[in-house]
Amino acid sequence: MVQPATESLLFRQGGGRGNEENGGVGVRNEGSVAVSSVTAILALSTFVAACIAFGFGCAVGYSSPTQSSIMEDLGLSVAEFSLFASILSIGGILGALVSGKMTDSLGRKLTMWILNLFYISGWLAIAFAKVPWLLDLGRLLLGFTNGISGYLAPVYIAEITTKNVRGRFSSIVPLMVCWGLSFMYVVGSFVHWRTLALIATIPGLLQLLLLFFIPESPRWLAKVGRDKELEAALLSLRGNKADISDEAAEIKDFVKSLKSFSKEGILDIFQKKYVRPLLIVVGMLVLMNLGGVNAFAYYSGVIFVSSGISSMVGLVTLAAVQTVTGILGTTLIDKLGRRPLLLVSSAGLCFSSFLTGLSFFLKEFHWWDEGSPIFALTGLLMYMGMYVLGAGMPFLLLSELFPINVKGSAGSLCNFIGNITGLFVAYYFNFLIEWNSAGIFFIFSAFCFANFVLTATMVPETKGRTLEEIQASITRSSD
């Protein structure tokens with residue numbers, strides 16, 4: 001039992017003002033955790049994690065503007081290109097299987113180093129591919145990177161930020177993913193697919209350079225018993241003159257209490273107290289994927305053309321919409337909270353999927369030939385905009401709801417199940433849209449509605465609380 005330790009984290013009050021001069025950075029204590037305004041190192045660390053999120057988006061968005069040219073240059077059939085596009089999800093499944101264990105064993109920074117080697121190698125294989133198998137191998141390597149970075153980036157950012165900016169900073173990850181998508185859509189409309197693959201290596205090269213200047217996650221350092229490095233990392237992130245004693249003590253106390261009753265095995269994640277968080281995160285990921293995320297992201301250009309809209313006009317407009325909604329979500333997440341944005345996002349995904357399906361339905365029966373492209377454009381733009389608004393929430397909640405001793409196991413499990421459903425949609429979409437172009441989007445809409453119901457009934461609000469407070473409350477409620 002760790003009741004005393006967790007209760008002290010939940011109900012500890014007081015504090016006071018810390019040093020108000022920190023090279024222009026104000027610092028104060030809220031409860032037991034030192035809360036500071038954003039320091040240069042915190043901003044840089046977030047940017048470095050965001051670089052790999054941008055690369056994630058590049059990998060996902062690559063197939064949309066390049067489909068026709070790759071098929072023509074390499075003589076690929078629809079089935080072969082569908083394999084190329086969907087093999088990203090196969091790599092994602094492999095990455096998901098090891099994501100938690102790898103980041104827990106090697107640390108967040110070393111894992112980033114390794115991922116960048118896979119990332120750069122994957123793009124080079126695609127850029128210089130002369131045969132389909134090398135193209136697929138490169139895509140597989142990118143998928144493996146995505147399978148790990150999709151978990152790693154939000155977890156790292158959540159572990160280095162304070163409660164007052166955690167949501168805002170974590171929401172940068174889906175924003176960067178969508179900027180990567182948009183970048184591929186726009187640039188891919190103008191350059192050859194091999195050149196686009198070479199350009200896509202830039203985020204990985206940039207991150208490799210900047211990794212020298214950022215600290216390891218303080219919570220991971222506490223987990224492996226490197227207390228001196230923990231304090232140094234916190235001081236780096238909060239500012240040299242910040243009082244980090246309370247925050248360091250809280251992190252160490254909580255990690256110590258976890259070790260006293262958990263051996264950190266894979267089966268620990270199936271304890272009663274973690275059933276609800278597992279159902280929430282797994283459910284959100286599965287329903288989001290079955291709601292058509294990969295279909296919209298991988299084949300946006302095809303959807304535009306099928307609905308009678310210029311691919312160029314559609315993809316450029318889509319990039320602008322994603323940027324606006326992403327910035328809006330980043331601004332609002334710590335003000336409104338997680339639940340309101342998730343509800344708006346899932347409701348918007350449901351309506352926009354239905355609207356896209358309606359456009360194909362009208363087109364099929366020639367009931368409103370002038371209006372159906374407008375419905376398709378509106379539906380697709382709205383879908384991707386709403387996706388940006390809520391895309392990062394499942395992994396943000398994963399990083400918030402699960403303590404450090406089971407976070408790796410939870411991440412691997414949730415990531416794996418999410419990628420399995422993503423693979424199914426990515427591979428079969430080209431065949432399903434030929435089978436019933438309207439019906440498949442109506443099915444997507446139904447899954448998005450189910451996600452809305454899940455959010456409304458089960459997702460807790462976590463804004464304004466430290467990770468230790470959130471996780472201690474879960475432990476305490478199960479005792």
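Helices and strands are DSSP runs, with at least four residues for a helix and at least two for a strand, numbered from the N terminus. In this predicted model, the protein has 23 helices and 2 strands. The points below describe the protein as a whole, one pair of helices in contact, and one covered helix.

**The protein as a whole**
- Of the 479 residues in the protein, 60% are buried.
- Among contacts with a separation of 6 or more, 82% join residues that lie 24 or more positions apart.
- The accessible surface amounts to about 17,600 Å², and carbon and sulfur atoms account for 68% of this area.

**Helices α2 and α6**
- Two packed helices are described by the angle between their axes and the distance between the axes.
- Helix α2 spans residues 40–61 and helix α6 spans residues 132–160; their axes come within 9 Å and cross at roughly 150°.
- Angles over 145 degrees count as roughly antiparallel, and therefore α2 is roughly antiparallel to α6.
- The crossing of these two helices, α2 and α6, is left-handed.
- On the α2 side, the contact is made by L42, S45, T46, A49, I52, F56, A59 and V60.
- On the α6 side, the residues in contact include R139, L142, T145, N146, S149, G150, A153 and Y156.
- Sorted by class, the contact of α2 with α6 has 11 nonpolar, 6 polar and 1 charged residues.

**Helix α20**
- Helix α20, residues 393–401, is mostly covered, with 9 of its 9 residues buried.
- Among the buried residues of α20 are M393, P394, F395, S399 and E400.

Key: Residues are numbered from 1 along each chain as its sequence is written. This is a predicted model: local features need pLDDT of at least 70, side-chain atom pairs count only at pLDDT 80 or more; totals for chains, interfaces and linings use all residues. Side-chain values use heavy atoms; hydrogens and water are left out. Axes are lines fitted to C-alpha atoms, for helices over the stretch in contact, and angles run from 0 to 180 degrees between N-to-C directions. Angles under 35 degrees count as roughly parallel, over 145 as roughly antiparallel, 65 to 115 as roughly perpendicular and the rest as oblique. A crossing is left-handed if the near helix is turned anticlockwise from the far one by less than a right angle, and right-handed if clockwise. Contact means heavy atoms within 4.5 Å. Ala, Val, Leu, Ile, Met, Phe, Trp, Tyr, Cys and Pro count as nonpolar, Asp, Glu, Lys and Arg as charged, and the others, Gly among them, as polar. Buried means under 20% relative accessible area, exposed over 50%, partly exposed in between (1.4 Å probe, protein chains only). Accessible areas come from the Shrake-Rupley method with a 1.4 Å probe; for residues, only the protein chains shown count as cover.
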